[in-house]
Structures are given as structure tokens and as C-alpha cells.
Amino acid sequence: MITTSALQVRFGDTTALHPLDLDLPGERIYGLLGRNGAGKTTLLSVLAGFRKPSAGAVLFDGAPVFENVRSTSRICLIRDDGMVGDGTDNLRDVLDMAAMLRPAFDSGYAAELLDRFGLTRKQRLGALSRGQRSAFAIVVGLASRAPLTMFDEAHLGMDAANRQLFHDELLRDYLAHPRTFVLSTHLIEEQSPLFEQVLILHEGRLLLQSDLDELRERGVSVTGPAQVVDDFVYGLKVLSERTLGPTKQVTVFGGLDDERRALAGRYALELGPVAVQDLFIHLTGGVP
Amino acid sequence: MRRFPIARFLLSTHLPFLVMVLAGSYLLVAVILGVAVLVSGPASVSAVDVAGQVLHWLAVGYGYGAPALLATVVVHGRTRREFVAQHPVYQLVAAVVLAALITGVYAAEAALYSAAGWTQAMQPDRPFAAGDYPMIFLANVSMLSIALVTGSFAGVAVYRRDGAGALALVPAAGLLVYGGAVHGFFSLPFAQQGLPMAVTLPAVAAGWVLLWACAREVPLGNRVPA
Amino acid sequence: MFDDRSPIYRQIADQIKDDVLRGVLAADEQVMSTNQYAAYYRINPATAAKAFQQLVDEGVIYKRRGVGMFVTAGAQARLRDGRRERFFAEVLEPMAAEARALGIAAADIVARIHQLIPGDSR
């Protein structure tokens, strides 16, 4: 579906994306995670052809993306500002425009979604609240039915009920019309069940690309007496450590084999799972 | 997907809007003319021609809004290349339609003035005289198309902002002076030669080349300009 | 719904197994589809599919091509046998350890168990 090779983006002297090789097979839902400034928006912009790569290539079904309408008309990126038209346009104008410009746009579905989000066609885009604007941008994104649809923090300002509606509609429409979605988000616990794979971007580099369930299984917390824990985790990749009196809890990454697990049982160490959000925080440098 | 989606979109939405705005403005001109006649007696100059002096700047201002359109069509999956190819076509069609409307308004005014016994005098430096409708039409097509493409180029250049942004105002000003001379806004040697399209076409071509140079790789900013 | 911590597909598989064990899902009864599961629990369909694959591998359900997933005959009995085997190791032994730590006498525990499971006074 979409691949990059040695893709690089620089802004003057600063490098936003270091040479990046990415391969995202089609008809999956991907989560793109990263701290502020990790390069998520830059990556999505360059994947959508909003920006030209400084070096390297972005290929969509084998064809270049930037300024190639065969690719761009099948890619939809909804950005966090939710501006999918001019502020003076009313929602009807924007939907009509999208229907003219987008080959697969489904106006009937857009009307249905508009209703469900409680928006009306006469409202002006510039007069919507932040959350309403996000909801409208999501309507446009979903109704575009683009084979590659990307949402860059598109839920910004939306209340919990509307976010849930977004997630329900995303899944419903994904099942009815399988296509590829990429969602960048900071709402890790809320949105990660939707993902088949996660990509973690850190300081302009791809830190990790993994099935979500595999990622969950790779993180293990080990709790017990400090000395015993230290001996047990020797040689393992330790992400974080916390102590409370004589007790120590260590988060290790990479999973434990059966032998190690048996060993933990013999030493009476407590093994526990680690939430995806905690893994993410630890993998991207921890809490400062 | 039908061909030329951007041009079709602009022609079906923006152009009717512009026609309505222009027609409304001329109604306003008629009202002002009526008040002026009541206050100070018979009209001695063409009100339509007086009002026509701001069209130039309105067209530049409308053209200057091009980057918002460009960004929006890119957001909806179209390319800059398509925009730069289709937007000027729309501008030329719009210039012709609006110039036809303007010419018609001149004619209507002429009928009114002759019925009332007033003189429909034109502004100095105009390349056309009252009643010379082919020239009125050509001069307005010329003025509108130069102003629209120049405004678009300047808008995109400033939107792009990488150093060249402010510098773009120099060639833009040059094109506007040139265009102003053609349709009689300024008095330059070639202004009165009676061949507006012969000087307009190179101006529009120059504006289009500048627009293409600025727009063809412009990255989208994080916000679509208002 | 989910505790965010262990893989979701395992939690779904466990829920379906519980349903089979308790007889909520009878032998040869159709199980909801992966897509229905995905939409209901708001999870990626691939995750739901993994749960179903695990259950197929364990012989709890079987696939009828083009129709859907059904509960294997005898799955309930097999699951019950498996759980019984694990009951002493997974439930009773930790309880005994806890009782020892708390100083609770075995007789007290047995008496309480008779209260909780009456009519079984061998």
C-alpha cells in the first residue's frame, strides 16, 4: 500500500525526519504514536503529498505520491486543525466541493454522519466550535472513502461521546469498506484497541513497528525484593525502575521465555503486564 | 471522476457568486447615482465608469485569496499542478463573463443617460469612448485577467513565505502598472494604442509563469489561510 | 471492558470459553462473527480474529466455510476437565498459602466450604 525509502524531511538546518524506511501493507488500521515534536505530522504530511520529501521516496501502490493525482486523489489526510474548507464556507459547500474533487466521496454517507454528529449543512465552518470542527473534518475524512485515510489528532476538542462515535463509525465503515487507516494520537489507552499495528516515532526516527498484541506481551513488570529483582533482570532490557522501601518494580522489554518465568516463580517474584501507554512512555524517554 | 474538477468546481460555485456580487454592486451604484442626481442635478460623468476604477483592486484582492483555494484542493486530494492548470482557465472564463456583464451595464447606463439627456463621459486615459462596446469589453477582460492572475501569484508567493514572498510584490506591482495602463488606469505610451489583448496576453502569461514557479512545490502550512 | 494490560484477544477467548463452560453457548451453536465482536467491543477485527483462531486451535470452536464459527461438540466437557485439573494448582494452592500466612486452621476452611457448597457432605 504505502512504502517509503530513505525518506527524509528537513526544515532549514533541522531534520524533522531522519532517513526512514517504512512499509505499511494495505487494509489495516495503524496507530502512529510519538511525543510532541516526534515528527508525526511531518510524516503524515509527506505521506499525503502535502509536502515534498527533502530526500528519498514515498510510494503508494508503487507510484510516487507528491504531485501525482492518481495517488493523491486516493489519499486523504485530515489534520488536527480540522480545516477542510474556507472558514466562510458553510458545511454544504465543503461537502459539495469534496464530492467534486474526490473520486470515491459518498455524499449519502456524509449526510448520515453529519446527522449523527448533530451538525447541519447550513452551519458555517468558521463558526463551529473546536470539537464540532473536528467532528466535521472526520465526517469528510470518512466519507472520502479514500483507500488510504489518515487522521492526524483529528479528534482534537471532541467530547468523549463524539470520540466514541468516531471510533464506532471508523470500525463500522472499515468493516464495510476495508481500507487503510493511519491514526496519530496521544489518546493511547482509548484508541489502541482500534489498531492492528502501532508505529512509534521518536525524534524523527521509527522506534518500533509492531502488532499491538505483541507489543503488549513484550512489556513485563517484575516486582519483589530489590536485590532479587536486580539479579533476575540482569541482561534484560530495563525500561524503568521504581523502588518503594525494600521492594523494587522494574519494567523490562522484550518478553520473558518460559525458563525465566519459571525462575521468577522460584524466587517468588511477581510478574505483571504493562499498559501500552506505560510502555510508550518508557520507550520514548520516560517522564522527565 | 469527470475531467477538470477544480475548474468545474470554481465555475459552478465561485463564478455565480462573483456575478451576484458584481450585479449587487451595480444596483448600489444606481442608488448612489439617484441620490447624487437628486442632490446636485443632472449627471455629467458615467457613474459605471467611476465605480469601475475599484474593480481593478477588487480583482487583485480576490486573486490574492488563491492560496486558500490551493490549500483546500490539495487537502481534498488534488495536485498543485492541476490547480495551476485549471485555476487560470477559470480566471479567464470569469474575466470574460464579468467583462460581458460590465459591458452590458455600460450599455444600460448609456440608454438611461440618453433618455434623461445626460452626458456619459468616461474617465481620462480610458482606451474606450462611450458607446465603443467592443473596446469596453476587451479592456475589461484584459484588466480582470491581469489583476486576477497577478493577485493569485502574489498571494501564493506570500503564503509560501520562503524569502521570495515579499520580493514577489515587485513583479506583481510591475504587472499591475502594465495592466492598469492597458485598460486606462494610468497613462503609458502603449495604453491608448487600441490593442488591449496584444499587450494583455504576455502579461497574463508572465503572471501565470510566476504563479507556476511559486505554486508547483509549495508545502501546505499547518493552517489553511483564512 | 478490558483491563488494557493482557492481550485483548486472550481476554475475548477467555470470555467465550466461559460462555461455553457455563452452557450459555451450546454445542453446535453459532458464535457471533469476528466483525460483530469487533464492533461490539470496539476493537480491531484482526484482534477478534486472533481470539477465534486461538479457540479453533484449542478445539473449542470450528469453522464452517462461508457460514461462521460454531461450538465444537464436547467442548464444554473438555473445558471443564481442563479447568478441574488446574483448579487445585491455580485456586486451591494459593488459597492454602494465604491461609497459612494468615494462620487460618484447615478445619475452619473445610467447615466454611461445607457451608458454601451444601448437600455435599461426604
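Start with C:Lys50, which forms a salt bridge with A:Asp213, with the closest N and O atoms 3.5 Å apart. Keep in mind that this is a predicted model. That pair belongs to the interface of chain C and chain A, where the count of salt bridges is 4. Alongside those, the interface has 7 residue pairs in polar contact, both partners being at pLDDT 80 or more.

Which helices of chain C give two or more residues to the side that touches chain A? They are H1 (8–21), H2 (34–41) and H3 (45–57). H3(C) gives the most, with 4 residues. If you sort the chain C side by class, you get 7 nonpolar, 4 polar and 5 charged residues. Overall, 16 residues of chain C are in contact with 20 residues of chain A. Together the two chains bury about 1600 Å², and carbon and sulfur atoms give 49% of that area.

Now stay with chain A, but turn to where chain B meets it. Here the contact takes 27 residues from chain A and 29 residues from chain B. The area buried between chain A and chain B is about 2400 Å², with carbon and sulfur atoms giving 56%. Three residues are worth picking out on screen: A:Glu67, A:Met100 and A:Leu101 supply 31% of the area that chain A buries against chain B, more than any other three residues.

A:Glu67 turns up again in the charge pairing. Its side chain meets that of B:Arg80 in a salt bridge, at 3.0 Å from N to O. How many salt bridges are there between chain A and chain B? The count is 2. You'll also find 11 residue pairs in polar contact between these chains, again with both residues at pLDDT 80 or more.

As for which elements of chain A are involved, helix H2 (69–72) and helix H3 (91–101) each supply at least two residues of the side that touches chain B. H3(A) gives the most to that side, with 5 residues. By class, the side of chain A that touches chain B has 13 nonpolar, 6 polar and 8 charged residues.

Finally, look inside chain A itself. Chain A is divided into domain 1 (2–203) and domain 2 (215–283). The C-alpha centres of these two domains lie 37 Å apart. Where they meet, the contact takes 9 residues from domain 1 of chain A and 7 residues from domain 2 of chain A. The two domains bury about 720 Å² between them, 72% of it on carbon and sulfur atoms.

Much of the domain 1 share can be traced to a short list: A:Ile188, A:Glu189 and A:Ile200 supply 57% of the area that domain 1 of chain A buries against domain 2 of chain A, more than any other three residues. And the salt bridges? Between domain 1 of chain A and domain 2 of chain A the count is 0. There are, however, 2 residue pairs in polar contact across this interface, both residues being at pLDDT 80 or more.

On the domain 1 side, the elements giving two or more residues are strand S3 (29–34), helix H7 (188–191) and strand S9 (197–202) of chain A. The residues of that side divide into 4 nonpolar, 3 polar and 2 charged.

How values were computed. Residues numbered from 1 in each chain as written. Chains lettered and ligands numbered in written order. Predicted model: local features only at pLDDT ≥ 70, side-chain atom pairs only at ≥ 80, totals over all residues. Heavy atoms only, no water. Contact = heavy atoms within 4.5 Å. Buried area = accessible area lost by both parts, 1.4 Å probe. Polar contact = N/O pair within 3.5 Å; in protein donor to acceptor, adjacent residues only side chain to side chain. Nonpolar A, V, L, I, M, F, W, Y, C, P; charged D, E, K, R; others polar. Domains from an automatic or database assignment.
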